[in-house]
Amino acid sequence: MKKWLWIMLSVGVITLVFMMNYFIDKSQQQQSMIHSVSLTTSTSPEQQNIVEVKKMYKQTTDYFDYEQKQKADSLRMYYGQPGSTLNQYKELQGIQPSMIHDVNVHWKSEQHVIINIMKTNHQHKNKVYKQFKYNLSEMYASNLWFYLS
């Protein structure tokens with residue numbers, strides 16, 4: 001009976017140590033964002049707006065050898081006026097960033113932009129994987145409202 005008690009206690013302690021290690025590393029991972037790579041930059045036809053699509057990376061820890069690695073985390077579209085620092089962004093949702101290598105930007109007008117996320121098929125031809133349409137004037141207005149409130 002005592003043998004089983006010690007075995008169960010040992011398993012419990014080991015499990016507790018692994019869980020604590022996991023949650024401590026998770027909290028550190030959230031602070032170790034962000035490195036980015038620009039996939040494309042495009043200016044509107046009359047140079048009033050600019051968008052830049054970036055692949056964002058975060059630092060993660062491999063639990064087997066405790067190596068620090070970079071992992072593609074998300075895609076973001078940064079936007080603003082040409083010549084300004086692009087701080088405002090929209091997260092491009094529903095995409096596995098590690099699989100994306102090509103992005104096309106098309107302008108319907110000065111304010112309306114279409115972001116095409118491309119994927120290569122088996123015939124090595126690029127195909128639109130996902131499309132995002134944004135009205136930048138609405139995005140500027142919603143950000144202004146956020147800063148004023």
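## Serine 44 and its surroundings

Leaving aside neighbours within four places in sequence, serine 44 is in contact (heavy atoms within 4.5 Å) with Asn49, Trp107 and Glu110. Serine 44 sits in the loop between strand E1 (33–43) and strand E2 (50–61). Is serine 44 buried or exposed? Serine 44 is buried, because its relative accessible area is 0%, and buried means under 20%, exposed over 50% and partly exposed in between (1.4 Å probe, protein chains only).

## How far to trust the model

This is a predicted model, where local features need pLDDT of at least 70, side-chain atom pairs count only at pLDDT 80 or more, and totals for chains, interfaces and linings use all residues. Residues are numbered from 1 along each chain as its sequence is written, and side-chain values use heavy atoms, with hydrogens and water left out.

The protein averages a pLDDT (the predictor's confidence in each residue, from 0 to 100) of 81, and 81% of the residues score at least 70. Among the elements, strand E5 (residues 102–107) has the highest mean pLDDT, 93, and helix H2 (residues 136–148) the lowest, 68. Over residues 145–149, pLDDT stays under 50, and the model has one contact beyond four places in sequence for them.

## The overall layout

Along the sequence, the protein follows the pattern α-β-β-β-β-β-β-β-α, with two helices and seven strands. Helices (H or I, at least four residues) and strands (E, at least two) are DSSP runs, numbered from the N terminus.

Of the 149 residues in the protein, 32% are buried. Among contacts between residues at least 6 apart in sequence, 45% join residues at least 24 apart.

## Inside: the nonpolar core

The largest nonpolar core (a set of buried Ala, Val, Leu, Ile, Met, Phe, Trp, Tyr and Cys residues joined through side-chain atoms within 4.5 Å) has 19 residues. Val51, Met77, Leu92, Val113, Ile115, Ile117 and Leu136 have the most contacts inside this core. Two or more residues come from each of E2, strand E3 (68–80), E5, strand E6 (112–120), strand E7 (126–135) and H2. In soluble globular proteins, nonpolar side chains tend to be buried together.

Which residues does leucine 136 touch, leaving aside its neighbours within four places in sequence? Leucine 136 is in contact with Asn49, Val51, Met77, Tyr79, Trp107, Gln111 and Val113.

## Valine 13 in helix H1

Valine 13 lies in helix H1 (residues 2–31). Valine 13 counts as partly exposed because its relative accessibility is 45%.
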